[in-house]
Amino acid sequence: MSWFRTVVIKSFTKHSCPSKFTSFPRTPFVSLMNFSSEPTHEAKKSSEIVQYSGLGPTRPNEKPRVVVLGSGWAGCRLMKGLDTDVYDVVCVSPRNHMVFTPLLASTCVGTLEFRSVAEPIGRIQPSISTAPGSYFFLANCKGIDTEEHVVHCETMTDGADNLPPWSFKISYDKLVIASGAEASTFGINGVKEHAIFLREVSHAQEIRRKLLLNLMLSDVPGISEEEKKRLLHCVVIGGGPTGVEFSGELSDFIIKDVHERYSHVKDYINVTLIEANEILSSFDVRLRQYAMRQLTKSGVRLVRGVVKDVQSHKIILDDGSEVPYGLLVWSTGVGPSPFIRSLEFPKSPGGRVGIDEWLRVPSVEDVFAIGDCGGFLESTGKQVLPALAQVAERQGKYLSGLLNRIGKDGRGRANSLGGIDLGDPFVYKHLGSMATVGRYKALVDLRQSQDTKGLALAGFASWFIWRSAYLTRVISWRNRFYVAVNWATTFVFGRDISRI
Ligand SMILES: Cc1cc2nc3c(=O)[nH]c(=O)nc-3n(C[C@H](O)[C@H](O)[C@H](O)COP(=O)(O)OP(=O)(O)OC[C@H]3O[C@@H](n4cnc5c(N)ncnc54)[C@H](O)[C@@H]3O)c2cc1C
């Protein structure tokens, strides 16, 4: 096979010809100046030759370039659908995979392994790692110059030793902003410092490690009764689908695994779910009541309250009561990220990037926004769509079709859209909502809105529908296989409780 490897390496080297990378003159890296307040002659000289590199504008003999910011539901669905015979695709994102968020809560307690919910981008759009002009860059976009058709990015070095982040630019023909949203904290003191969010695989890993650490520490001699209770008190803030599903998973873990394998501390571990209003407010009232009964039966304490302050070992509610905790998970919805807030485009209600019915940012040429970061402008007369994977995914699919048509019409280059007829606008039809509540029970609400008629059920049959639906939605056959095997392993042998 060595001949085969040589051919592959040669063709790869040919493809990745650096001629596409141009150097833009730039000011010196700030980090170079950190060594001394007064730079030496050598430092000045070397800093002058530091170039601000990147991908320059596409040439006439190259394909037009679509730059995608983000590798979430919206960005990945878009990249999957883009015709790579028409476009080169460049994705900029701080993570090299897509997270299958509906199953993320299950990874926190070991029902599923982390790998089962992460899909590498190269599998979703293989061209990104093989085609000559398509790339994935592990970086954050820091700014957009719509006049020059350029995005400014900074690498994600994740604290790697001796490797300060550096900046680069990418010219685009079409730009799609799909950078998602960030967890809302409502400016409450201490949330960012002490609570764990549940949005990324790294968050789920942090939750699992903390939970298992607390379980083990609480069994060590010398710990007081009070401290043991605190360490084993898991508090979840936010009664939306994510908070409820996580509480359900946690109670399943306690009932099935802690009782069997940490029986010394089984009477100390508790779960409290705190919500300011109704839990699962988007669901039918009958389903909500079912969920509340089910969670209470599983030992989850439901508390109505508003968090005022978060301290390292306790939270303070608006009625002055104090709730000590060992693990605090924060899941109270999302809002615009600092990057989205920094963009000077007209915004939709709620502060998202304002878009029209074709998902364009209408104030500038060749820029689109999809998923949780985009929202219809008030002038469209349409409501901002909910922050859901089903919205993001369908916007990604719609926009890939639109961009493919534009490209095939010969309008894929920058500033070439002119007065093109974009065809039908994007229309969203809600397919329904689902949530598990633990103990093989779930809610399925297939009504398009709370006022319309349709199927709304709860119980074991719903749980079966929930599992089957998500198993078929998992992006690849590889991960579908992982998920099915993880579920079967957990059912037969219990969850993995090793703290790795
Ligand atoms: C635990 C959990 C469970 C959920 N369950 C469901 C469910 O069951 N059903 C449902 O419909 N929805 C669900 N959701 C909501 C759904 O996941 C989101 O609506 C969806 O992820 C939005 O997709 P997106 O592509 O807009 O953003 P995301 O999926 O968040 O992706 C954003 C991407 O942008 C990247 N990024 C961020 N900043 C930058 C930057 N400056 N430059 C470049 N890239 C950047 C991020 O790293 C990420 O790759 C759930 C969410 C969570 C957290």
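Here are some questions and answers about this predicted model.

Me: Where does Asp-372 lie?
Reply: Look between two strands, S22 (367-369) and S23 (374-376). Asp-372 belongs to the piece of chain joining them, so to speak: the loop between S22 and S23.

Me: Which side chain of opposite charge is nearest to buried Asp-372, and how far away is it?
Reply: Asp-372 is buried yet has no salt bridge. A salt bridge needs the nitrogen and the carboxyl oxygen within 4 Å. The nearest side chain of opposite charge misses that cut-off, because it sits at a distance of 4.3 Å. That side chain is Arg-199, 4.3 Å away.

Me: Which residues is Asp-372 in contact with, leaving aside its neighbours within four places in sequence?
Reply: Arg-199 turns up again here, along with another arginine, Arg-352. The rest of the list is Gly-180, Ala-181, Ala-387 and Leu-388.

Me: Which residues come nearest to the ligand?
Reply: There are 28 residues around the ligand. Asp-372 is among those that come nearest, and so is Cys-141. The full set is Ala-74, Thr-101, Cys-141, Asp-372 and Tyr-470.

Me: Which residue has a side-chain N or O atom 3.3 Å from an oxygen atom of the ligand?
Reply: Leu-388 doesn't fit, as its backbone N or O atom lies 3.2 Å from a ligand oxygen. Gln-390 also uses a backbone N or O atom, at 3.4 Å. The side-chain case at 3.3 Å is Ser-93.

Me: How far is Cys-141 from the nearest cysteine sulfur?
Reply: The structure holds 0 disulfides, and Cys-141 is in no disulfide. A disulfide would need two sulfurs within 2.5 Å. The nearest cysteine sulfur is that of Cys-153, at 4.8 Å.

Me: Is Cys-141 buried or exposed?
Reply: The cut-off for buried is under 20% relative accessible area. Cys-141 has 11% relative accessibility, so it counts as buried.

Me: How many of the residues of helix H4 are buried?
Reply: H4 covers residues 73-81 and is mostly covered. The buried ones are Trp-73, Ala-74, Gly-75, Cys-76, Arg-77, Leu-78 and Met-79. That makes 7 of its 9 residues.

Me: What is the relative accessible area of Ala-435?
Reply: Ala-435 lies in strand S24 (residues 433-438). Leaving aside neighbours within four places in sequence, its contacts include Pro-241, Phe-283 and Trp-466. Ala-435 is buried, and its relative accessible area is 0%.

Me: How far apart are the C-alpha atoms of Ala-435 and Ala-291?
Reply: Along the chain, Ala-435 and Ala-291 are 144 residues apart. In space, their C-alpha atoms are separated by 9.3 Å.

Note on methods. Residues numbered from 1 in each chain as written. Predicted model: local features only at pLDDT ≥ 70, side-chain atom pairs only at ≥ 80, totals over all residues. Heavy atoms only, no water. Helix = DSSP H or I, 4+ residues; strand = E, 2+ residues; numbered from the N terminus. Buried < 20%, exposed > 50% of the residue type's maximum accessible area, 1.4 Å probe, protein only. Lys, Arg positive; Asp, Glu negative; His and termini not counted. Contact = heavy atoms within 4.5 Å. Near = heavy atom within 4 Å. Polar contact = N/O pair within 3.5 Å; in protein donor to acceptor, adjacent residues only side chain to side chain.
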